[in-house]
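Student: Before we examine this model together, I should like to learn how its aromatic pairs and internal spaces are to be read. Could you take me through them in turn?

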Amino acid sequence: MAVGLAQSSKQTVLGGAIITGAVFAAGFVLAQSQLNVLENHPNRIIGLETANTYHEGTVEFSVGTFQANDRGGATGNQLYFGGGSYSPSDKLTFGLDLQVYEDPTLEPINGLYPDIRMETVALWGKYKILDTGRLAVSALGSVESIVNIEADIWGGPHQPQELIGALKVPVSFLVTDRLQFHVTPSVSFYPEMIAGTQFYGTIASIGTGVSYLAGNRLSFFGAIDAPISGGNTIASDGSYKKVPVWTVGGRYNVTPKIALDGYLTNGIGVTPATSVLTFWPEGDEVLAGARLVYTPGAKRQVSYLGVPAQVTRREENLQQDGLILMSADVLEPGKMRIGGWYGSNNNAGVMLGFSPDQDFEVQAIFEQPSDSPSAPSSLIPTTVIRYMIGGKLRFMDQNSGNPFSLGARVLFGRQMDNQPGKGVFFAEAAASFKTASGLTLTANPKASGWGGTRIAGLGLGLNYAVTDGLDLIAEATPVFLDGDKMTWAAGMRYTASSGFSVDANVTNAIGRNSIFSMIGQDDVRVSLMLSKTFDLSGLKRW
């Protein structure tokens with residue numbers, strides 16, 4: 001599985017993100033908290049539990065990944081995870097976590113590089129036993145299932161589900177309002193044997209951590225969880241040994257409801273039981289991680305910029321992505337956009353974007369690239385339909401007083417067939433400046449990778465409003481690293497006041513999105529796209 005995660009595994013986590021969006025769209029009714037809970041000390045430092053709990057009525061959703069060194073090929077070796085929690089009272093929280101790992105090890109175990117597949121689902125509950133204001137003590141218990149586990153070191157493929165779990169008693173001490181220390185004794189329960197081969201067994205550990213609030217938008221954290229009995233690490237010779245799990249990182253609150261965590265760790269788990277495990281083998285590999293956290297709440301502050309400005313029709317039009325570039329803006333809260341396109345050389349696709357809250361958009365894209373033989377086949381991960389799912393955040397908004405708008409997007413995806421998948425990672429940022437004359441300038445750095453291929457580009461775009469509804473668009477993306485040639489697109493877009501939009505363009509890119517927007521062909525293509533924006537804000541109950 002050197003080409004990356006298997007399709008079914010990845011769909012487990014990405015499907016969870018779609019379900020979460022569907023819950024939003026269905027108008028899920030949430031009890032509300034008036035507090036911006038993301039500005040407080042963390043309930044969990046990635047894997048280390050703290051004694052903190054959310055306030056009554058708080059709902060949290062999260063999705064993230066750990067990424068190891070990519071010398072293993074494809075998109076590297078990574079864990080994908082997601083989950084959610086609900087607090088019916090200030091003292092009690094229930095949660096669901098799931099995580100997926102499937103890749104070969106980066107270093108040999110007993111001279112081989114075994115594929116390890118481990119998919120875990122965890123149900124947990126946490127209750128605050130004591131809270132004096134300075135000192136807090138909680139208890140957490142989890143019941144978890146390794147719903148899919150297979151590896152040569154654990155008896156080969158298709159082993160039955162394994163029940164695991166954890167008990168934790170975190171203690172947190174508030175030194176000052178900004179500084180808090182945490183101590184967490186834990187026991188994780190695993191089978192001693194799987195299919196006649198040794199497994200982790202029971203692992204007892206003591207974790208320590210610290211969290212520091214630098215302000216209402218920025219915080220830092222660090223933790224070490226040291227096993228005191230049992231083995232949490234598989235060594236290169238196949239034996240089990242003790243290695244502390246460490247994590248260090250920080251959080252940035254994009255809005256009072258949405259936060260980004262960035263961190264480094266040697267761990268390979270986020271559920272209560274798997275958080276004590278290190279990456280295979282030896283536990284000395286450093287993984288980089290990122291997590292998006294969303295805590296909806298209608299009574300919660302929506303932005304750090306004050307009350308969002310009322311957008312004009314022109315500004316709403318610019319919330320649509322360009323022809324081959326990303327827009328720096330996102331849809332208005334409660335808006336959903338659906339679009340489809342077709343072009344010469346059989347390039348076709350559909351997209352869906354939905355904004356559950358201010359400065360946040362969830363996107364799903366399905367696209368088949370051009371089949372022109374003039375495109376460099378060595379740079380194309382697949383010629384069949386590919387899905388890409390991810391999120392888009394806006395960090396600055398010119399409409400609300402910033403000097404320009406700034407957004408970023410991350411997409412993960414793979415091909416839609418039963419062949420071994422080629423995972424693609426894609427990340428980009430966009431900065432735009434709107435002039436009073438109707439001209440908008442955009443700069444769009446972006447990068448993508450699959451297998452041993454890495455492409456980066458710097459997109460530059462012009463959008464000129466001839467009328468309130470008619471835009472002329474010109475875009476170009478010089479490419480670097482393994483990139484073959486600059487891509488470009490030019491065309492026009494008409495957006496009616498009803499939210500219906502049509503654009504026609506010519507381009508040399510093999511597709512509109514992700515890595516396809518940075519791969520050029522010799523032939524010039526013609527493409528037509530239709531889209532419609534729907535206002536679902538009347539259904540919004542979060």
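The dialogue below turns to confidence, then to aromatic rings, then to cavities and pockets.

Student: What pLDDT does the protein average?

Tutor: This is a predicted model, and the protein averages a pLDDT of 89, with 90% of the residues scoring at least 70.

Student: Over which residues does pLDDT stay under 50?

Tutor: That stretch is residues 1-34, for which the model nevertheless has 90 contacts beyond four places in sequence.

Student: How is a pair of aromatic rings described?

Tutor: One states the distance of the centres and the angle of the planes. In this structure, a search of the whole model finds 16 aromatic pairs. One of them joins Tyr190 and Phe199 in an edge-to-face arrangement, at 5.8 Å centre to centre and with 70° between the planes. An angle over 60 degrees is what places a pair in the edge-to-face class. Both Tyr190 and Phe199 are buried.

Student: Which residues do ring pairs link into a cluster?

Tutor: The cluster is made up of Tyr101, Trp154, Tyr190, Phe199, Tyr200, Tyr240, Phe279 and Trp280. The edge-to-face pair of Tyr190 and Phe199 thus belongs to a wider set of linked rings.

Student: Where does the charged end of Arg44 sit?

Tutor: It sits over the ring of Trp124, 4.8 Å from the ring centre. A second case is Arg512, whose charged end sits over the ring of Trp341, 5.6 Å from its centre.

Student: How does one find where empty space is left among the atoms?

Tutor: A probe the size of a water molecule is rolled over the atoms, and this shows where space remains. Here the count comes to 11 cavities of 30 Å³ or more. The largest cavity has a volume of about 290 Å³.

Student: What lines the largest cavity?

Tutor: Its lining comprises 20 residues, and those nearest its centre are Arg44, Glu60, Asp97, Trp124 and Arg291. Two or more lining residues come from each of strands S3 (59-67), S4 (78-86), S5 (92-104) and S6 (115-131). S4 gives the most, with five residues. Arg44 and Trp124, already met as a charge over a ring, thus reappear in this lining.

Student: How much space lies in the second largest pocket, and which residues are closest to its centre?

Tutor: The second largest pocket holds about 450 Å³. It is lined by 22 residues, of which Asn40, Asn52, Thr53, Lys128 and Asp131 are the closest to its centre. The elements that give two or more residues to this lining are S6, strand S7 (135-151) and strand S10 (171-174).

Key
Residues numbered from 1 in each chain as written. Predicted model: local features only at pLDDT ≥ 70, side-chain atom pairs only at ≥ 80, totals over all residues. Heavy atoms only, no water. pLDDT = per-residue confidence, 0-100. Contact = heavy atoms within 4.5 Å. Phe/Tyr/Trp six-rings, centres within 6.5 Å; stacked < 30°, edge-to-face > 60°. Buried < 20%, exposed > 50% of the residue type's maximum accessible area, 1.4 Å probe, protein only. Lys NZ or Arg CZ within 6 Å of the ring centre and 35° of its normal. 1 Å grid on protein atoms, 1.4 Å probe; cavity = no way out; pocket = protein on both sides within 12 Å on 5 of 7 lines; lining within 4 Å. Points joined across faces, edges and corners; volume = space filled by probe spheres on them. Helix = DSSP H or I, 4+ residues; strand = E, 2+ residues; numbered from the N terminus.
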